[in-house]
Structure formats: C-alpha cells, structure tokens
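Please look at the structure below with one topic in mind, namely how the protein surrounds its ligand. The paragraphs that follow go through the contacts and then the surroundings.

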Amino acid sequence: MTLAYLNGTWQPLEDARISPLDRGFLFADGVYEVIPVYAGKAFRLAEHLARLRFSLAEIQLPSPLDEAGWTALIAELIERNGGGNLSLYLQVTRGATSKRDHAFPPAGTEPTVFAMVSPMAPAPADAPDTTPGVAAITLPDCRWLRCDIKSVSLLPNILMRQQAVSQGAAEAILLRDGEATEGSASNLFIVTAGTVITSPKSPLILGGITRDLILELCREHGIACAEQPISEDALRSADEIWVTSSTREIVPVISLDGATVGEGRPGPVWRQVAGLYTAFKRALADNV
Ligand code: PDD
C-alpha cells in the first residue's frame, strides 16, 4: 500500500481527496517535480528542490515549505513507503477557494501540497548489453513559451506522447522553428562525430536534472560535449540520439520517424555515458 502526503496528513494513496475547486484540478495552476530515489535516498535532491523553487517563483506561488521542510517531508515519504528504488512525485497547486476565478485567489489561500511514490522500473542503462533501444517520432512542438517551468499543465505533452505511442514509438522529439528542442517528457541528446550535444537551456525546454548530470559526467571524464541548438538536419544525421529523464535515465533512440539511427542499436558513446551514470548512481546508493 502506498502512503501519500496531502496537506499535512498521511493516508493510503487511494483515499487521498482534493476539492473539485482546487486550482490544480480546475486550471492546472500548479507545478511538480519527479525525483528518483535509489536505495532509499533521493537522487540530486538539492537540484530538484532548486528547480521546484524556480517553478514556484515563476508562477508567483510562495513555497509552502523551506528547503529543510521539503527535505524532511521527502525523507518521511520515503521511509513510510519502505525505501528502495522509487519515483517520487511532488505537486504544489495554488489551492482551493469558494469559486472558480482565473485571477489569483485571496492572499492567505493555502496551497495544496501532494506527494506520492511509485515503484521505479529498471532503466536501460542497468542492462546495457541487452537493452534494445527505442523508436521515436518527430512532431511540431505545440507547447507554450515557458517550458522551463515544470507546470502540471501537460496536455500538449500528453497528446504528443500519445501520438508517439499510437505509432509504436516510445517518445516524440519536438521541433520548433527548424530546431529540435526536447522530448515530450525528456531532454534530447545527439552524438555527432564523437561530441555529445544537447539543446541549451532556455524557456523552450525544461532544464532537466538528468541532462545536467550527464553534462557534468562528460566534462569530468573528458568526453567532448556542447550545449548548442540541434537543427532538424543535425538530428536526422546524428550518429546517436538519446532521450533523458529522471525516471528512464538515458534511453538510446535507434529509429527516428522509421529511419535507422546510426547502426540501429545503442551506440558506443551511449554505452560509455550510461555506464558513468550507473556508476555514479550506485556509488551514491552504496553510501546510504
Ligand atoms: N519529466 N523535459 C520534459 C518536458 C520533461 O517532462 C522531463 C521529465 C524532462 C527531463 O527532466 P529530468 O531529467 O529532470 O527528469 C525534460 C518527468 C520525468 C515527468 O513528467 O514525469
């Protein structure tokens, strides 16, 4: 049984209830985080909390907890659910008021804070010899211009992911003005002539925590890397394509819109970087 946190109370997930007047429900007026937990320890917690702080500030919602408060809440959520490897979900909305009104509710309206965990599936990098890689498609990026805010307003992402799934692909890679931005729920990397390239941070992408760690590991281990725009041509001619996220880590893409990427299997640079990522993660878990 999963124990969830909702506004200061703990209860079985299936019993948790919010008001239909909650602005998260009515307007998707809220932000979220997804934090991986390995061996009972939240991974890159400081970075996730910094991004949460950023998202809250950008939607002008004062954080209901300070850093120590979030850290304690997350530790308790992990402990109450028995630790292990988990995907931890945290959501803050602008709360519920007595009527539906687009403008912000009266000062003093309590935000809604919700947190839950779910089991974390093994990532492709955990079995690099057997992982087959995934198919992806490209789609026009139909989202707003503040994709750097981790907003719960995910309808465009949902529709694009579903289109990928209905075409037998795992992810949609998004194109805006001739450049590939990111995936519907992931950041994008390509490898060209041995250099690992990812889109620069901007309001057009979510600044992924996994993305940042990959760049950090590349720099530390002398793997050439760059943050630069990825043109559609560069994407289509890349030697390797990866999509990255906290829940799936680094996923090699072996076909794009039906065309083979590289040699049609996870590439050597993926293998190297995924190995570094796994080693980093395991070292942290061993130190619990
Ligand atoms: N999504 N870009 C988008 C649009 C995302 O939704 C995500 C992650 C990322 C990768 O960010 P990170 O490495 O910090 O997980 C990039 C999460 C996992 C989700 O919505 O479930």
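In this predicted model, a nitrogen atom of the ligand lies 3.3 Å from an N or O atom in the side chain of Lys150. A nitrogen atom of the ligand is also found 2.7 Å from an N or O atom in the side chain of Glu182, while an oxygen atom of the ligand is 2.8 Å from an N or O atom in the side chain of Arg51. Taken alone, the ligand would expose 480 Å², and the protein buries 89% of that area.

Where does the ligand sit? The ligand is placed in the largest pocket, and of the 20 residues around the ligand, those that come nearest are Tyr32, Arg51, Glu182, Thr210 and Ser246. Sorted by class, this shell has five nonpolar, eleven polar and four charged residues.

To trace the shell along the chain, begin with strand E3 (30–38) and strand E9 (179–183), and then go on to helix H5 (209–220) and strand E14 (240–245), each of which supplies at least two residues of the shell around the ligand. In terms of domains, the shell draws at least three residues from each of domain 1 (3–120) and domain 2 (126–286).

Key
Residues are numbered from 1 along each chain as its sequence is written. This is a predicted model: local features need pLDDT of at least 70, side-chain atom pairs count only at pLDDT 80 or more; totals for chains, interfaces and linings use all residues. Side-chain values use heavy atoms; hydrogens and water are left out. A residue is near a molecule or strand if one of its heavy atoms lies within 4 Å of it. A polar contact is a pair of N or O atoms within 3.5 Å; within protein, one must be able to donate a hydrogen and the other to accept it, and residues adjacent in sequence count only if both atoms are side-chain atoms. Accessible areas come from the Shrake-Rupley method with a 1.4 Å probe; for residues, only the protein chains shown count as cover. On a 1 Å grid over the protein atoms alone, a cavity is a set of points where a 1.4 Å probe fits but cannot get out, and a pocket is an open set with protein on both sides within 12 Å along at least five of seven lines; lining residues have an atom within 4 Å of a point. A molecule sits in a cavity or pocket if more than half of its atoms lie within 2 Å of its grid points. Helices (H or I, at least four residues) and strands (E, at least two) are DSSP runs, numbered from the N terminus. Ala, Val, Leu, Ile, Met, Phe, Trp, Tyr, Cys and Pro count as nonpolar, Asp, Glu, Lys and Arg as charged, and the others, Gly among them, as polar. Domain bounds come from an automatic or database domain assignment.
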